[in-house]
Amino acid sequence: MRSWPLWGEEEERNVLEALRSGFWGLGGKWAFEFARDFARYCGCKRGVPCANGTVALKVALRAVGVGKGDRVVTSPYTFVSTVSVIAELGAVPVLVDLIENGLHMNPVEASEIAEALDAKAVIPVHIMGMPSPMDELQHLMKSMDLAVIEDAAQAHGSERRGRRTGSLGTIGCFSFQSSKVMTAGEGGCLTTDRDDLADLCWSLINCGRTSEKDWYESDLLAYNYRMSEFQAAVLAAQLSRLDHQIEVRQRNYRLLLEELEDVDGIEPVRPPEGTTRFNVYTVPLRLERKRIGSVDKRHVVELLRSRGVPVSPGYTVPLHRHSGVVNYCASLGIELTPLPNAEAAARDVLWIPHHAMLTDEERALQIADSLKEVIKNIIS
Ligand SMILES: Cc1ncc(COP(=O)(O)O)c(C=O)c1O
């Protein structure tokens with residue numbers, strides 16, 4: 001049996017109900033109701049269901065008016081989609097280095113750059129499920145015409161200063177791809193408080209249709225990026241388990257942190273100041289180079305896997321070194337400069353996935369013991 005995804009009778013019942021309804025796409029109730037409930041869960045007025053997280057980001061950028069030549073500020077330590085959608089719209093990605101020893105884009109630098117370049121949008125990424133520090137960006141969102149598009153693909157249920165991710169910026173973008181803490185294999189959702197943007201996003205995922213025009217008429221050129229009823233039926237059940245699963249993961253995560261407290265050579269990267277709830281999508285662990293030397297993180301991963309620890313090397317190339325991004329920027333005449341903190345993160349940070357924390361305490365302690373043993377052997 002695979003350790004993820006987890007499902008039960010509720011998923012089975014919902015899928016069967018969707019099947020028997022005969023409405024498998026447009027006209028069904030599941031996608032609409034799921035997006036409404038998920039938006040409420042995030043503390044937002046409106047939710048728009050869509051095909052995946054990549055599409056959610058692209059539609060959000062389009063909805064706030066990002067187009068050719070517009071600058072969009074974001075992080076180099078994220079999944080490639082965050083930047084590929086900027087390129088697909090012909091816009092200019094501006095990558096800002098991470099906070100030292102952290103995994104989030106430096107918000108002070110990001111807001112200064114956004115202001116100086118008169119950026120159209122900024123995408124803070126709630127990486128690993130940890131809410132991005134973004135006070136300065138939220139301030140700019142109010143004081144200048146800057147859209148804040150949250151990449152919340154990994155951050156279902158996390159909170160910053162008591163507010164859920166997806167409700168912190170102009171539009172939130174979620175993914176339900178198979179590695180996420182809620183999944184239907186694929187899927188996405190946009191969340192916002194603004195009716196005008198929600199209506200536009202709905203139109204952009206729905207071939208440009210609007211409620212004012214006839215079915216085959218529209219003013220917009222757009223695509224079919226809709227979520228299917230089967231996906232939504234599964235996600236409705238997944239949402240009902242999310243809070244309990246977050247609690248279990250948090251308990252084991254705390255245990256792991258305690259166990260690793262005095263361990264030399266490896267250091268958990270903790271959620272930034274201001275985090276009031278961490279969904280524990282990933283437990284990021286940084287190899288301490290001063291203690292561990294130049295050993296490749298992939299080798300550490302192999303050693304841990306051989307002891308049954310489900311761990312991954314995570315991102316190995318920050319996006320300012322990703323050839324697709326480098327080539328796209330070169331085509332615009334932009335040469336990307338080094339970003340040392342992002343490079344260090346790609347070199348040194350390993351990931352333990354959420355399902356490894358969705359276990360009993362004994363298993364969490366076993367993972368901690370294996371980590372200690374492997375690191376001790378490397379150091380000695
Ligand atoms: C940070 C981040 N952004 C965007 C995406 C894209 O989501 P999807 O795979 O659903 O297109 C993902 C997911 O893989 C992600 O982790």
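Here is a short conversation about a predicted model, covering one strand, its partners and a pair of helices.

Mentor: Welcome! Residues are numbered from 1 along each chain as its sequence is written. As the model is predicted, local features need pLDDT of at least 70 and side-chain atom pairs count only at pLDDT 80 or more, while totals for chains, interfaces and linings use all residues.

Trainee: How many of the six residues of strand β12 are buried?

Mentor: Strands are DSSP runs of E with at least two residues, helices are runs of H or I with at least four, and both are numbered from the N terminus. Buried means that 20 or more other C-beta atoms, placed from the backbone, lie within 10 Å of the residue's own. Thr282, Pro284 and Arg286 meet this on one side, and Val283, Leu285 and Leu287 on the other. β12 (residues 282-287) is thus largely enclosed by the rest of the structure, with the number buried being six of the six.

Trainee: Which residue in β13 stands opposite Pro284?

Mentor: Strands pair if DSSP finds at least two bridges between them. β12 and β13 (residues 349-353) pair in the antiparallel sense over five bridges. Within β13, the residue opposite Pro284 is Trp351.

Trainee: Are α10 and α13 oblique or roughly parallel to each other?

Mentor: Helix α10 (residues 297-306) packs on helix α13 (residues 361-379) at about 130°, with axes 10 Å apart. Axes are lines fitted to C-alpha atoms over the stretch in contact, and angles run from 0 to 180 degrees between N-to-C directions. Under 35 degrees counts as roughly parallel, over 145 as roughly antiparallel, 65 to 115 as roughly perpendicular and the rest as oblique. The relation of α10 to α13 is therefore oblique.

Key:
Buried ≥ 20, exposed ≤ 12 C-beta atoms within 10 Å, placed from the backbone.
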